[in-house]
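I am opening a fresh page for this model and will note what I looked up, entry by entry.

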Amino acid sequence: MWKTALYSIPRRSFSSAPEIPTLYSFLQPSLFALKRTPLSSSQESTDLRQNPTPQTLTPDRVAAVETTLHKSLLTSDTDEAWKSFKLLTRSSAFPCKSLTNSLIAHLSSIGDVHNLKRAFASVVFVIEKKPELLEFESVKTLLASMKCANTAAPALSLIKCMFKNRCFVPFSVWGNELVDICRQSGSLIPFLRVFEENCRIALDERLDFMKPDLIACNAALEGCCHELESVMDAEKVVETMSLLNLRPDEASFGALAYLYALKGLEQKIMELEGLMGSFGFACKSFFFANLVGAYVNSGNFAAVSRTMLRSLKDERGAHVNFGERTYMEVVKGFVQSGNLKELSALIVDAQNLESSSEVDGSIGFGIINACVNIGRLDKAHSILNEINSQGVPLGLGVYLPILKAYQKEHRTAEATQLIMDISSSGLQLDAESYDALIEASMSSQDFQSAFALFRSMRETRKSDTRASYLTIMTGLMENHRPELMAAFLDEVVEDPLVEVGTHDWNSIIHAFCKAGRLEDARRTFRRMKFLQFEPNEQTFLSLINGYVSAERYFCVLMLWHEVKWKVTTDGERGIKLDSNLVDAFLYALVKGGFFDSVMQVVEKTKDTKIFVDKWKYKQAFMETHKKLKVAKLRKRNYRKMESLIAFKNWAGLNA
């Protein structure tokens, strides 16, 4: 048996609980609130026995009061319901079972302290006077409300009241709720005392339904080991578990391991570990984590390192899940004691034993991540520098927490340098890490770091670059940096891993035109065609709008001469004119006085059946060419005169 294998301790009978206070002490406000706040005159007392003189009610009167109580509950008239209940109890009469439990449930559900006290007083009064009326669900409901209100004292008093009055409610109804309430209040020691009394009753009275489950036993053991730090009390709980025929689990062994390590009982730890094997527990992660936590708290840092490394050996290099809390305790302990070199040595030694490729499960990752999480990024750097000074190659897990911290703090230059160090050491980041750092660089407008990171990403030849490429192009566009967009595109355009399309060139041209940098836009346009990226409708629309803004209408004419040979009706083998592009060309060509080209555009619109609003071009003509005379053109340029006449006829200006 669990008891026989581990201890040979004679059974000691549990002492009875001390005399339980009366109902009146339970109802003190201090049980429900941090401050004593006297009830206002409008609030009725929760004391159901404040009038010691019993009142006699006739059966008809009792029935009438019960009816009033029932109606009050239906209408949620809480004060009237409480008044009716008190009237009945003072006359030694009780409402029926369903009505009593409905009142308790109603009072428990309201959520304020005053009505919670009323619910508590009702349950205690029923337990003392007529326990057969109380349903188990009412106890459970009341405890759940006490848990929400974070009121441990009345919850404990309620259970003690049940014990005193031999009102034995199954442990499954209240046990785990009480564990949660005590844990929430910050201490399991009060639960431990109730646990002891409950176990005494269950064993002495042979009441199986009062026996606690393993969760409750582990909670009691936790209180002994982590709070009381008492070997005697812990062994007492273990003996009780044996008497209850409860088989321990990893949590049971973990709690005892913590206590024995804290007390320096190495022989006990060895016995405990052997016993775990006999119970068939192959994974000892929780056991080792508790040992580490205890050694940290006792200041035995050599034992911390020894235990963590032994855990790797026992698990054959597989990662042991010590948990973030354990790592933080380890880091705080080593840092406060000035043992950074020992912490660095632990990472190196652990790295030599670890076999798993999961970087975020390594001991190095856990330690560095804990440094970052407690705000000691400087110590993470110190550890990194200490290991690098020894020329020891590091695993990727050691770098990742620092990179994430840089990203969070937008320290992108340092992150980029660290990436270079990682790459030079032969390690490779995944695409998600690159994407996150590049996004952080762009958010901080650290464009050079973003470019360097993307360059490093491309050099790996294994990462999907699409997301980061879009992040950089979009960021540069939003920050009005077309010259950097052009330089970036030139760098990556021939890389097969980067998908560059016409729309990327269009973005640069549009940005240059919007900024009035038309020569840069034209150079980008020529570069685009040289690299055999076919311009589309958006390309020409951006250029036209830019030229019109600068009143460079001749440049628009040159664009039209290029476009007109590419216009098709379906747009599959060339450019398909749409209403926006037609409008842009017509307006610019009219303003420039190139009426021959204007009429060419008009002819193209007939082929593509695009509607043209002539009024806009009338206005453009009148603004720019109002004084232009056909007679003067006849003498100088006959062809231009014909084009002007054709335009006027088309636009309706001859009238």
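Before the first entry I fix a term: I call a residue buried when its relative accessible area is under 20%, exposed when it is over 50%, and partly exposed in between, with a 1.4 Å probe and protein chains only. I am working on a predicted model, where local features need pLDDT of at least 70 and side-chain atom pairs count only at pLDDT 80 or more, while totals for chains, interfaces and linings use all residues. Residues are numbered from 1 along each chain as its sequence is written, and side-chain values use heavy atoms, with hydrogens and water left out.

Entry on helix H18. I take helices (H or I, at least four residues) and strands (E, at least two) as DSSP runs numbered from the N terminus. H18 covers residues 340–353, and its 14 residues reach 20 Å from the first C-alpha to the last, close to the 20 Å expected at 1.5 Å a residue, where the expected span is 1.5 Å times one less than the number of residues. I listed its buried residues as Leu-340, Leu-343, Ser-344, Leu-346, Ile-347, Val-348 and Ala-350. Looking for what covers them, I found among others H16 (301–314), H17 (324–336) and H19 (363–373), taking contact as heavy atoms within 4.5 Å.

Entry on cysteines. With a disulfide defined as a pair of cysteine sulfur atoms within 2.5 Å, I count zero disulfides. Why does Cys-161 have no bond to Cys-167? The closest cysteine sulfur to that of Cys-161 is the one in Cys-167, and at 8.0 Å it is too far for a bond. I also noted that Cys-161 is buried at a relative accessible area of 2%, and that Cys-513 is buried at 10%.

Entry on positive phi. Ser-92, although not a glycine, has a positive phi near 60 degrees; it sits in the loop between H4 (78–90) and H5 (97–109), and it counts as exposed at 61% relative accessibility. Glu-551, also not a glycine, has a positive phi of about 60 degrees, lies in the loop between H29 (537–549) and H30 (553–563), and counts as exposed at 59%.

Entry on the annotated repeat. The unreviewed UniProt entry gives "repeat: PPR" for residues 501–535; I keep in mind that positions follow the numbering used here, feature names are shortened, and annotations may be inferred rather than shown by experiment. In the model, the end C-alpha atoms of this span lie 10 Å apart, and the span is 74% helix and 0% strand.
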